[in-house]
Amino acid sequence: MRKLLNSELERKSIVDFKQATKTPIIIILDDIRSLHNIGSVFRTSDAFLIEKIYLCGITAIPPNKEIHKTALGATETVEWEYEKEVCNVIEKLRSNQTKVYAIEQVENAIFLNDFDVESNQKYALVFGNEVYGVAQKAIELCDGTIEIPQLGTKHSLNISVSTGIVVWDLYQKMSTKNQ
């Protein structure tokens, strides 16, 4: 076994990425404080050909040196847009037939492992502030909530870790459905 060189990974160019068919997932980041978390979400979004990221509230926007540290150029590939009010984004997406789910611990949340994707359906995922989570006003506008099952003593995961887990899970489920 030999570790592959970067040149052997056959990654897309920026142009190829922009032209590629995207995974029908949109990520909404609301009031994310950590620039490293924002950059990490961009990098995950690049890895899974995510359609778009909405940056809302106090969430910083590129170009930003601290975001770039973890994004490693993904701010140049993944489409993004800033919108001050997360509720406006949710309402706009829902009016365009996108199903919007908050990633949060709430009453009657669907555990991620029990969440089933629909064929040919676009999804938007709302991730909230590192301390306060997704705002209640945003949760109330969503089609539902998805919760990542956790078995230890801590009650939450880092936003960038949560994004990676949820995106990977939905990507796998969508890939299986569309075969």
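Which residues make a nonpolar surface patch of about 200 Å²? That is the warm-up for the exercises below. This is a predicted model, so local features need pLDDT of at least 70 and side-chain atom pairs count only at pLDDT 80 or more, while totals for chains, interfaces and linings use all residues. Residues are numbered from 1 along each chain as its sequence is written, and side-chain values use heavy atoms, with hydrogens and water left out.

**Exercise 1. Find the members of the nonpolar patch and place Val-161.**

Step 1: start with the rule. A patch takes residues with over 30% relative accessible area and no salt bridge, joining like charges within 9 Å and nonpolar side chains (Val, Leu, Ile, Met, Phe, Trp, Tyr) within 5 Å. Accessible areas come from the Shrake-Rupley method with a 1.4 Å probe, and for residues only the protein chains shown count as cover.

Step 2: pick out the members. They are Leu-157, Val-161 and Ile-165.

Step 3: place Val-161. It sits in helix 6, residues 159–177; helices here are DSSP runs of H or I with at least four residues, strands are runs of E with at least two, and both are numbered from the N terminus.

Step 4: check its exposure. Val-161 has a relative accessible area of 39%, so it is partly exposed (buried is under 20%, exposed over 50%, partly exposed in between, with a 1.4 Å probe and protein chains only).

**Exercise 2. Describe the largest pocket and its lining.**

Step 1: get the term straight. On a 1 Å grid over the protein atoms alone, a pocket is an open set of points where a 1.4 Å probe fits, with protein on both sides within 12 Å along at least five of seven lines; lining residues have an atom within 4 Å of a point. Points are joined across faces, edges and corners, and the volume is the space filled by probe spheres set on them.

Step 2: read off the volume, about 500 Å³ for the largest pocket. Its lining has 17 residues, and Arg-11, Lys-12, Phe-17, Asp-46 and Ala-47 are the closest to the centre.

Step 3: trace the lining to its elements. Helix 1 (14–19) and helix 2 (35–47) each give at least two residues, and helix 2 gives the most, with three.

Step 4: sort the lining of the largest pocket by class. You get eight nonpolar, four polar and five charged residues (Ala, Val, Leu, Ile, Met, Phe, Trp, Tyr, Cys and Pro are nonpolar; Asp, Glu, Lys and Arg are charged; the others, Gly among them, are polar).

**Exercise 3. Now do the second largest pocket.**

Step 1: its volume is about 370 Å³. Of its 21 lining residues, Ile-103, Glu-104, Ser-156, Leu-157 and Ser-162 are the closest to the centre.

Step 2: strand 7 (144–147) and helix 6 are the elements that give two or more residues to this lining.

Step 3: by class, the lining of the second largest pocket has nine nonpolar, nine polar and three charged residues. Leu-157 should ring a bell: the nonpolar patch includes it.

**Exercise 4. How many salt bridges does a search of the whole structure find?**

Step 1: the search finds 11, each one a side-chain nitrogen of Lys or Arg within 4 Å of a carboxyl oxygen of Asp or Glu. Side chains of opposite charge can pair when their charged atoms come close.

Step 2: take Glu-130 and Arg-33, which meet at 3.7 Å, N to O. Glu-130 is in the loop between strand 6 (123–127) and helix 5 (136–141), and Arg-33 in the loop between strand 1 (23–30) and helix 2, 97 residues apart. Glu-130 is partly exposed at 25%, whereas Arg-33 is exposed at 52%.

Step 3: go on to Lys-52 and Glu-79, at 3.5 Å, N to O. Lys-52 lies in strand 2 (50–56) and Glu-79 in the loop between helix 3 (65–71) and strand 3 (80–83), so this pair ties together parts 27 residues apart in sequence. Lys-52 is buried at 11%, while Glu-79 is partly exposed at 45%.

Step 4: try Arg-94 and Asp-143, whose closest N and O atoms are 2.9 Å apart. Arg-94 belongs to helix 4 (86–95) and Asp-143 to the loop between helix 5 and strand 7, so the pair ties together parts 49 residues apart in sequence.

Step 5: look for shared partners. Lys-52, Glu-79, Glu-81 and Lys-92 are joined into one network.
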